Amino acid sequence: MSMEMWSLVWGGLLLFVLITMSANANVSAMGMGWGIGNRDQAATTTGWGARARRAYLNHLENLLIYACFAIPLVMAGASSSLSVLGAQIFIIARVLYAIVYVAGLTAAGIRTICWFAGVVGYAMVFIALLQATM
């Protein structure tokens, strides 16, 4: 399997981990009755649990964008050194983003830098796709 697809797989695993962390924080904050109930009341999680939710929502958005570029690239047989490097940058940046965000680290804009690196990664995949299909 290509690096572009492996990055998508690992991104899916990261999404699962972040959702699980957020769900566990919600149940811890709201109680098991809330967790197994209808959840008519929104969770009032704060701290790392709330950051885990925001991180997984952000990751979901970025993973979807990455998938929109990586899947057609692989289907077209257009993998290149540019797209492989972009896929590697994307997944490394997204893992770092998740760690930094959930941990609450903000020094020197590190979360934004990690987010931007992920965007650069999927932009490289998109550019490789354009180069191969034009």
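Let me start with the length of helix α5, where helices are DSSP runs of H or I with at least four residues, numbered from the N terminus, as are strands, which are E runs of at least two. The expected span of a helix is 1.5 Å times one less than its number of residues, so the 24 residues of α5 should span 34 Å, and the end C-alpha atoms, which are 35 Å apart, agree with that. I should say early that this is a predicted model, in which local features need pLDDT of at least 70 and side-chain atom pairs count only at pLDDT 80 or more, while totals for chains, interfaces and linings use all residues. Residues are numbered from 1 along each chain as its sequence is written, and side-chain values use heavy atoms, leaving out hydrogens and water.

Which residues of α5 are buried? Taking buried as under 20% relative accessible area, exposed as over 50% and partly exposed as in between, with a 1.4 Å probe and protein chains only, the buried residues of α5 are Cys 114, Gly 118, Val 119, Gly 121, Tyr 122, Met 124, Val 125, Ala 128 and Leu 129. Their cover includes α3 and α4, counting contact as heavy atoms within 4.5 Å. Ile 113, also in helix α5, is partly exposed because its relative accessibility is 49%.

Now the largest nonpolar core, meaning buried Ala, Val, Leu, Ile, Met, Phe, Trp, Tyr and Cys residues joined through side-chain atoms within 4.5 Å. Among its 28 residues, Leu 8, Leu 18, Tyr 66, Leu 73, Tyr 122 and Val 125 touch the most other members. α3 gives the most to this core, with nine residues.
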